[in-house]
Each structure stands twice: as structure tokens, then as C-alpha cells.
Amino acid sequence: MDAQMNARTPQSPGDALDVDLSHHGDAEVEPGLVDFAVNVRGTTPPRWLADRLRRSVDDLAAYPDPTAARAAVARRHGRRAAEVLLTAGAAEAFVLLARALAPRHAVVVHPQFTEPEAALRAAGHRVERVLLGGDFTFDPALVPADADLVMIGNPTNPTSVLHPAAALAELIRPGRVVVVDEAFMDCVPGEPESMAPFAGPGLVVLRSLTKTWALAGLRAGYVLAGPELVAALARAQPLWAVSTPALVAIEACCSPQAVAEADAWAAELGVERERLAKALGARGLHVVPGSRASFLCVRAHDGLRGLLRERGYAVRRGDTFPGLGPGWVRIAVRDSGSNDTLLEALDDLGI
């Protein structure tokens, strides 16, 4: 493993940010607006999970013990417990990676979730962007051969594109750390392109429970990596960083029953996502093809987001994602009734 640990590469004073990397979907939502901007499924966890979280309050006097949750994650993915680090959401994992590693040549593949680049820059690292064009499919040849840290999302936020695992595997080589953000992988039935089961040298896979289980306020996620890198990240992590309720959630959501429930939801999501994509396309909007996550990436015109806000609908602006620009928006896939109201609003706009 390279991308050496516990040193820093200073950020050049000339590294100007051309977009607001700190902007996220929750900033789009205000009281009175229908939320198509945030990618969290539903407004509350399933009842069985909420009940377990309520019961966890009885154990808050004791310090959090991650043993059971860590074992559950390991079983879920066929990994060893030493290859699992539990985190306060995937966002914490990006910060830990930025603190623990010292890449000489860090590359972030865009468009994607902006926190990986933001965390690297905040830690003083230089970042090179590899921008995908066309329909945002990934070609490993685009990544510079000397990159010793590569970060990519799969399925990618905001494009909703699912990259083949074989293409991502081509990134793995001696002296390089490859970070695959799989926060939305459980939107894909069966997760056929997941890298989570593979313990390749330098491979890091991040997971989040935020989206599928409506747990954004709890902060629960985990890292899968080799034991050496997991230990390095753990040294950069504060003590007891993951709360007892979050540990309970991680353990519960990694059970076979929960995995089956998520898979069934993903199948239902796929049907509604395809219907919404076709309806948007029929209205003259360009929807990035092959969408596989819980949202669609759509190109319209610069004023669409503002017009929808005037009619009470919040969608996520796309111009704060490197590689996109004005006119791009990200639209969450909701239930059929909610999606129909959004389509009606577009009809009212003459779109």
C-alpha cells in the first residue's frame, strides 16, 4: 500500500475551486417545498428498525462497543472483522482517508459526490480531476498511470451511472489506493458490480446506511479495506466515533433479513425510476442513460430549477458538481404518486 501514511502534501496556493464543493442536496430544501433534492428513501426508518433504535437508548450509559456491528458487516460481505472500520457515515470515512494518507498524486473521478475532493483539499492535498464526458461511463485509461490515490463513486452521485466492477478492478496496482464509494450500491438488486467482497491490495470500499434506511441524522457507515489500512484509519478516528444507536443500526441493517428487504426495495425502485426517466425524456429533457441509483441526472435549461421552486418543488442543482454545469439537475426518484405531481408541474411549465 502506498499513498504514504501520516505525511502531508501542501495544496498549491494557485488551486482555485471553481465550484462550491460544500453544497449538498439538503441545502435545496426549505419548508413548504416538496423534496426531490435529497436522496434519502422515505422520511423515517422502517418501523422494525426504529423500534430497535428506541430500545438502544436503554444502553446509552455504557461506552459504545463496535464488536457485534463489525462482525455483522464482515459476515454481510464475506470479509474478516479486521477488514472493517465502522464510521459516522461515509463522509467521515473521506475525512479519515484524507488524514491518514499522503498521496503524491491524488485523482478524483468526476462528476461525483464532492466530499472526497473537499476532504482531500481540507487536509492540504493537491487534487487532479478526471472529468467524464458523454454519458459519464468510465474508462480506466483516463486515470494517470502515476496516480497513487484514485476516488470514484459506484453507482455515481449525481449521474446514477453504474460502472462495471471489471473496469474498476483495472485501477488496482501496486503503490495505489483505490477508493470506491458504494453509498448507493444497495439501490442495485443483487449488487453485481460491488467491489465489497474483494480484498484486493489497496482497494477501499465505502458504504453508507443513510440512503436506503432513512438514517441521515444518525450517521452510520463503514469502510472495507485491508487490515493495515483499516488500522491506519482507526488511528485517525476519534475514540467512540460511532454511537451506540448507530452501531445497533449497522448490525441490524447487515442482517440477512434486512439485506433481502433492501434488495426487494431496489427492484421496486428500478421500475419506478425507469418510468420516471421515460416520462422526463418524453418531455424533451435529457436523462443520463443507464441510471441505477435512487435519482436521475437530467439536463434541461438554466432556469428549470428556479421555475420548479416557484411551484413548490426542490431539485438538486447540478452546477456544483465538477463536470456538470448550468442546466443540470439531480432529481430523486420518489413513489409513483409524488413523481406524478412533479411531472404535472413540468406540464404546467410547458415542458
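Contact here means heavy atoms within 4.5 Å. All views come from a predicted model.

**View 1. Tyrosine 222 and the residues it touches.** Tyrosine 222 sits in strand 8, which covers residues 221–224. Leaving out residues up to four places away in sequence, Tyrosine 222 touches Val73, Arg76, His77, Leu85, Leu86 and Thr87, and its contacts also include Val205, Leu206, Arg207, Leu209 and Cys254. Buried means under 20% relative accessible area; with a value of 2%, tyrosine 222 is therefore buried.

**View 2. Tyrosine 222 and valine 29 in one frame.** If you zoom out to fit both residues, the C-alpha atoms of tyrosine 222 and valine 29 are 27 Å apart in space. Along the sequence, 193 residues separate the pair.

**View 3. Helix 11 and its buried face.** Helix 11 runs over residues 336–348, 13 residues in all. From first C-alpha to last it reaches 18 Å, close to the 18 Å expected at 1.5 Å a residue. Look for Asn339, Leu342, Leu343, Ala345 and Leu346, which are buried in this helix. Seen down the helix 11 axis, the buried residues fall within an arc of 155°, so they line one face of the helix. Among the elements covering them are strand 1 (34–36), helix 9 (256–282) and helix 10 (304–310), along with strand 11 (313–317) and strand 12 (328–332).

**View 4. The two ends of helix 11.** At the N-terminal end, aspartate 335 acts as the cap of helix 11: one of its side-chain oxygens lies 3.1 Å from the backbone nitrogen of glycine 337. Just after the helix, glycine 350 takes a positive phi of about 80°.

Key
Residues are numbered from 1 along each chain as its sequence is written. This is a predicted model: local features need pLDDT of at least 70, side-chain atom pairs count only at pLDDT 80 or more; totals for chains, interfaces and linings use all residues. Side-chain values use heavy atoms; hydrogens and water are left out. Helices (H or I, at least four residues) and strands (E, at least two) are DSSP runs, numbered from the N terminus. Buried means under 20% relative accessible area, exposed over 50%, partly exposed in between (1.4 Å probe, protein chains only). The expected span of a helix is 1.5 Å times one less than its number of residues. The arc is that of the directions from the helix axis to the C-beta atoms. A polar contact is a pair of N or O atoms within 3.5 Å; within protein, one must be able to donate a hydrogen and the other to accept it, and residues adjacent in sequence count only if both atoms are side-chain atoms.
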